[in-house]
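Please look over the sequence and the model below. A short report on selected strands and helices follows.

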Amino acid sequence: MLAPMTENDDRTARLRELEERLAHLEERLALNDEVDDLAEIALRERLPLDHALRILMPPLARTTRASFVFVRTYDETLALHDYVHAEGEDGALPFDADALVREVDAREADLVSRALPGAVLVAQRIDVAGEPFGTAAIVVPHAPREAPSELAIERLAELLSTWCEEVDNHLAAIATSRKKAILGREISDALKDPVLDRGIARAIEVLRENLRFEALLVVFRQEDEGDALRARLVRGSEEEGARDAEADAERLRLFGQRIMMGDEAALREVLGVSRYREEQLITGARSTKVVGRVVAASRRGEFNTFDRDLLERFADSLRQRIVDFNREWRNLKTTFESSAVDRLLGIEGYRESLLTPREQTCAVLFADISGFTRLSEQVLVRPERIGHFIDLWSAEVVRAVWETGGVFDKMVGDCVIALYGPPFFELTPRQACERALEAAGRIRAYTRTLSRHPDFPEFERLEGLDVSIGLNLCPLFVGIFGPDQDYTGFSSGMNNTARLQGQARGGEILCMDTFVEAIGEAARFGEERQAAVKNVREPLRFRALL
């Protein structure tokens with residue numbers, strides 16, 4: 001029969017427990033101090049994570065008497081990597097690392113412990129600033145039939161936790177870098193959206209979720225459109241943005257140009273705050289050019305280092321996207337009118353869906369200056385005078401084409417070629433022909449005014465300056481072709497339009513019979529005429545616009 005525990009026995013047991021707790025606390029403090037000193041050395045020497053963990057893992061192994069210390073975390077390349085320290089072992093882990101990591105990630109509690117043959121495994125999640133950043137584990141051997149108690153496992157866990165807290169500080173810089181890299185990639189991916197406005201909106205949402213801003217302004221210039229600006233002002237909360245949208249739009253209209261010029265008073269008027277951070281969107285190597293600005297105001301008055309870096313990444317990605325957008329816009333603008341370009345760029349996959357070659361019925365216009373060879377050789381004479389005249393004339397002709405809904409195909413010598421129908425193919429044949437006819441009338445009227453243009457006094461001795469025009473309605477294989485990715489059309493009907501234009505005398509607008517039939521008002525045209533042309537079996541049948 002056991003003797004009852006006396007008061008002295010109870011006091012002795014409590015004293016022993018306190019001594020054990022004190023020893024354990026001292027052990028934790030010693031481990032903390034040693035790892036803290038080593039972590040400072042690693043930071044001071046800027047050691048790679050691999051080297052840093054080589055000096056940080058042995059103290060944990062020694063203090064816990066662990067045969068293995070295992071860490072899975074993100075390295076400097078932001079890839080998950082396994083680090084193992086083995087005390088007198090062959091290095092082969094006595095557990096499934098992937099399964100352990102999944103178990104740690106799945107548990108609500110950080111601690112995982114389990115029995116292994118002749119050892120105990122203790123593991124926990126590594127957190128940096130509250131974010132999961134990996135897993136740490138130790139394997140502690142024990143004698144046969146002497147498995148550690150729950151209290152012993154708890155103390156091993158406390159030692160592991162102490163070590164992880166010190167390592168957390170070392171991993172913080174990598175964690176911050178990883179966070180910025182992930183967000184930078186999300187911003188970049190958002191801005192890859194083929195529709196620019198949608199991409200900017202998606203990128204701003206990434207910022208909104210990770211950056212506490214009061215207001216964010218994006219403004220940039222659309223090249224080749226004079227002073228046209230595109231702007232977006234986003235308030236910190238969706239409710240604020242919805243409430244102030246109309247007033248913000250009016251402020252941007254009034255102050256947008258001044259903001260592009262760097263006017264601080266205009267910025268304060270639009271944002272409604274006096275303190276903000278600005279990132280200029282600059283392009284060019286030899287000569288720099290400001291293509292836009294990103295301006296943000298913080299709810300806290302100032303942005304921290306992480307916030308500033310994130311804004312810089314956003315601005316840099318946006319700058320490149322705007323450069324790409326403007327390049328794409330310029331390429332399309334050589335062919336299509338501005339509103340058509342804007343519409344194309346607002347359609348995802350527009351090149352595949354609208355600009356790849358396809359067969360469509362289109363109205364075709366060929367406009368050529370009458371007697372241009374004589375004009376060049378006998379009147380204008382000098383090459384620069386000829387060039388100036390062609391620049392002036394063709395600019396107005398292309399404007400007439402665009403303003404009537406046409407597409408500028410190309411210029412061959414002094415002949416302008418235009419198409420009606422592309423790129424959306426929403427016009428009926430009659431509508432396409434009516435618009436081509438309107439453009440032809442405008443081109444003829446303008447050409448005739450040039451005989452009195454002040455830049456060309458030599459035209460005064462001419463009997464008259466005029467243009468010859470051919471119009472057709474025909475099937476074309478139309479779309480982007482060739483190494484230069486020109487938008488054009490091919491067919492026998494296209495060739496016949498060129499031949500038709502060659503039949504026109506000065507001032508005539510000749511229309512192929514298919515064109516006249518589409519218009520449906522024969523009284524607007526003269527009698528049918530025919531012309532046999534080279535390499536064409538049947539003669540051309542056409543009528544002149546009266």
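The report takes up a sheet, a helix pair and a covered strand.

## The four-stranded sheet

This is a predicted model. One open sheet has four strands in the order S7-S6-S9-S8, and the pairing is antiparallel. Strand S7 (229-235) and strand S8 (277-283) stand at the edges. Each has a single partner strand, so one side of each lacks a neighbour in the sheet. On average, neighbouring strands of this sheet are turned by 10° against each other, direction ignored.

The pairing of S8 with strand S9 (residues 289-298) is antiparallel and runs over seven bridges. Within it, Glu-279 stands opposite Val-294 in S9.

## Helices on the sheet

Two helices can be placed against this sheet. Helix H5 (residues 196-210) packs on the sheet and touches strand S6 (213-221) and S7. The direction of H5 makes about 30° with that of S7.

Helix H7 (residues 264-271) also packs on the sheet. H7 touches S6, S7, S8 and S9. Its direction makes about 50° with that of S7.

## The H2-H4 pair

Helix H2 (residues 49-64) packs with helix H4 (residues 150-191) at an angle of about 170°. Their axes are 10 Å apart. Angles over 145 degrees count as roughly antiparallel, and H2 and H4 are therefore roughly antiparallel to each other. The crossing of H2 past H4 is right-handed.

From H2, the contact includes Leu-49, Leu-53, Leu-56, Met-57 and Leu-60. From H4, it includes Leu-156, Leu-160, Trp-163, Val-167 and Ile-174. Among the polar members are Thr-63 and Thr-64 in H2 and His-170 in H4. By class, the contact has 13 nonpolar, three polar and no charged residues.

## Strand S12 and its partners

Strand S12 (residues 415-420) is mostly covered, with six of its six residues buried. In a regular strand, side chains alternate between the two faces of the sheet. In S12, Cys-415, Ile-417 and Leu-419 point one way. Val-416, Ala-418 and Tyr-420 point the other way, and all are buried.

S12 pairs with two strands named here. Strand S10 (residues 358-369) runs antiparallel to S12, and six bridges join them. Asp-368 stands opposite Cys-415 in S12. Strand S11 (residues 407-412) pairs with S12 over five bridges, again in the antiparallel sense. Here Lys-410 stands opposite Ile-417.

S11 and S12 form a hairpin with two residues between the strands. In that hairpin, Gly-413 takes a positive phi near 65°.

How values were computed. Residues are numbered from 1 along each chain as its sequence is written. This is a predicted model: local features need pLDDT of at least 70, side-chain atom pairs count only at pLDDT 80 or more; totals for chains, interfaces and linings use all residues. Side-chain values use heavy atoms; hydrogens and water are left out. Two strands pair if DSSP finds at least two bridges between them. Axes are lines fitted to C-alpha atoms, for helices over the stretch in contact, and angles run from 0 to 180 degrees between N-to-C directions. Contact means heavy atoms within 4.5 Å. Angles under 35 degrees count as roughly parallel, over 145 as roughly antiparallel, 65 to 115 as roughly perpendicular and the rest as oblique. A crossing is left-handed if the near helix is turned anticlockwise from the far one by less than a right angle, and right-handed if clockwise. Buried means under 20% relative accessible area, exposed over 50%, partly exposed in between (1.4 Å probe, protein chains only).
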